[in-house]
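Trainee: Got a minute to go through this one with me?
Mentor: Sure, put it up.
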Amino acid sequence: MIAPSEHVLSQQFAIIGGGITGLAAALQLERQMPQSKITLIESSDRLGGVLRTRLDRGFLIEQSADMFTAESGIMLDLCRAMGAEQELIKTSSTGRRAFVARGNRLYPVPAGFSMMTPNRMDSILESEILEPAARLRLLAERWVPRRNDDTDESLQSFAVRRFGQQAFERLIQPLISGIYSADPQKLSMLAALGRFVDLEREHGSLILAAKSANKTGFNEDGSSGARYGMFLAMKNGMQSLIERMSNHLNQTQVVLNAKIGSVTPGGHGGWRIQAETADQSLRQQFDGVILATRADVTGKMLALMDPGLSRQLSRIECASMAIVVLGLDVKQIPRAPNCFGFVVPEIENRHLMACSFASNKFAGRAPQGKVLLRCFIGGSQHADRVDLDDRQLVEMARQDLAELIGLVGEPDYQQVIRWRNCMPQYHVGHLDRLASLENGMAAHPAMEMAGNSYRGVGIPVCVASGQQAAIRLADQAHSTK
Ligand SMILES: Cc1cc2nc3c(=O)[nH]c(=O)nc-3n(C[C@H](O)[C@H](O)[C@H](O)COP(=O)(O)OP(=O)(O)OC[C@H]3O[C@@H](n4cnc5c(N)ncnc54)[C@H](O)[C@@H]3O)c2cc1C
């Protein structure tokens, strides 16, 4: 009897998109199909996609993501397999809290409050972020009847219904919208925050759920804002993880500076890929393909082959954002609390959505006596701001920081990073859209999609989606030969 891998001896696969999803897919496919030839095709001149680290004047500056959750275990497994376990660092043990802007002041997020789960009643009652009546309304969540409806709803609808308007506007909107750069009136509860929907369904209330589980969303260390104990970073930045992953590729040929224009059916059930490089147009046939690019980009590639599927993919919108990075002397921000950062409610009408104190969160991000701040501007509600010039964006950040944490003087270091259409938006109905996309994909065997447009934007979910796409593709290859 011939082993499956011998059956598929000469198979050739393409992975399109060299972000962390495409890399994870390539590594997994190598494991599944050790005899095959894999080509990883990336349009830019480097691997990593949005993940990139810059070292400048003693500052270590993450250009996009700066940490990932260790919750599912997938990142620990990946780092172990890449020999990078020793490079993982935890968030600093002090200052593990976030603040919220109100007027010209910052107030701590109530201790134990994580995203939408209040774990400590006393801290809510004492919180100056909310008016006294709003604090009581938030705590009355336990008596709000559960929703008897399985349809999707927006973050705004869910949060206002359960916790009241002010808790939504002043606490939940800034804490959650920041993560997704999303419009809370459009952000799908089922797709982005499904575990809270499940808690409501199971326990009737998020407060009661937290009480009964005594661990769901619980900040054991009394921190506030996020479960910081769950987050890890790479000592030398995300770039080092990307380098480890690319160095571990054995049977994959990496092709940079090649933009895929279309994927169309080839002979014998395979796929023909057309790529544009700086000086030529290439066509190549593959037995199977993983599309690890954003949904709208993937949609364009499939436009000739399946216009309906292409249209569905293009409906998954993306938000844009600018990050103003400032390297400062500690003395230049005299009113800054010892914290990991602050968020700004939309109703405050400021320029900033949030500011991350990168050098407080992780060691080794700034020289002694200096701080590194990452200020976020734009998002789905202010996309136009991303097009302002560097000087205007820096001025916006400096103005808000002057009012909120007393910023004075010139920064030692500044950089403006723009991410245009890079943050997929899971609008209400996203899961239905995915179901119909998956139906459409069923008509195209040996073609898989993966990445942050579908079932989660966080790095661990992207890694999982790349790995799963590779496993599905390998399973099909084995079963069809
Ligand atoms: C500012 C910002 C902050 C973030 N912060 C965090 C965080 O703290 N923690 C966290 O877990 N997640 C965070 N994320 C999300 C996370 O970083 C991303 O979801 C994830 O890295 C996406 O990886 P990907 O490989 O799916 O996509 P990408 O990184 O977008 O990679 C896709 C690749 O496809 C390539 N490509 C595009 N078109 C073509 C084409 N036609 N042909 C060939 N190649 C093509 C692109 O050049 C790119 O390299 C953040 C994201 C951003 C933008």
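Trainee: Is the crossing of H6 and H7 left-handed or right-handed?
Mentor: Right-handed. A crossing counts as right-handed if the near helix is turned clockwise from the far one by less than a right angle, and left-handed if anticlockwise. Helices here are DSSP runs (H or I, at least four residues), and strands are E runs of at least two, numbered from the N terminus. Bear in mind that this is a predicted model: local features need pLDDT of at least 70, side-chain atom pairs count only at pLDDT 80 or more, and totals for chains, interfaces and linings use all residues. Residues are numbered from 1 along each chain as its sequence is written.

Trainee: Which residues of H6 and H7 make the contact?
Mentor: Leu155, Gln156, Ala159, Val160 and Phe163 on H6, with Gln165, Ala167, Phe168, Ile172 and Ile176 on H7. Contact means C-beta atoms, placed from the backbone, within 7 Å.

Trainee: New topic. Which residues come nearest the ligand?
Mentor: Gly17, Gly19, Thr21, Gly49 and Ala65, of the 35 around the ligand. Near means a C-beta atom, placed from the backbone, within 6 Å.

Trainee: Why does the ligand lie between domain 1 and domain 2?
Mentor: Because both domains give residues to the shell around the ligand. The bounds come from an automatic or database domain assignment.

Trainee: And how many residues of domain 2 are in contact with domain 3?
Mentor: 13, against nine residues of domain 3. Their centres, taken over C-alpha atoms, are 25 Å apart.

Note on methods. Two residues are in contact if their C-beta atoms, placed from the backbone, lie within 7 Å.
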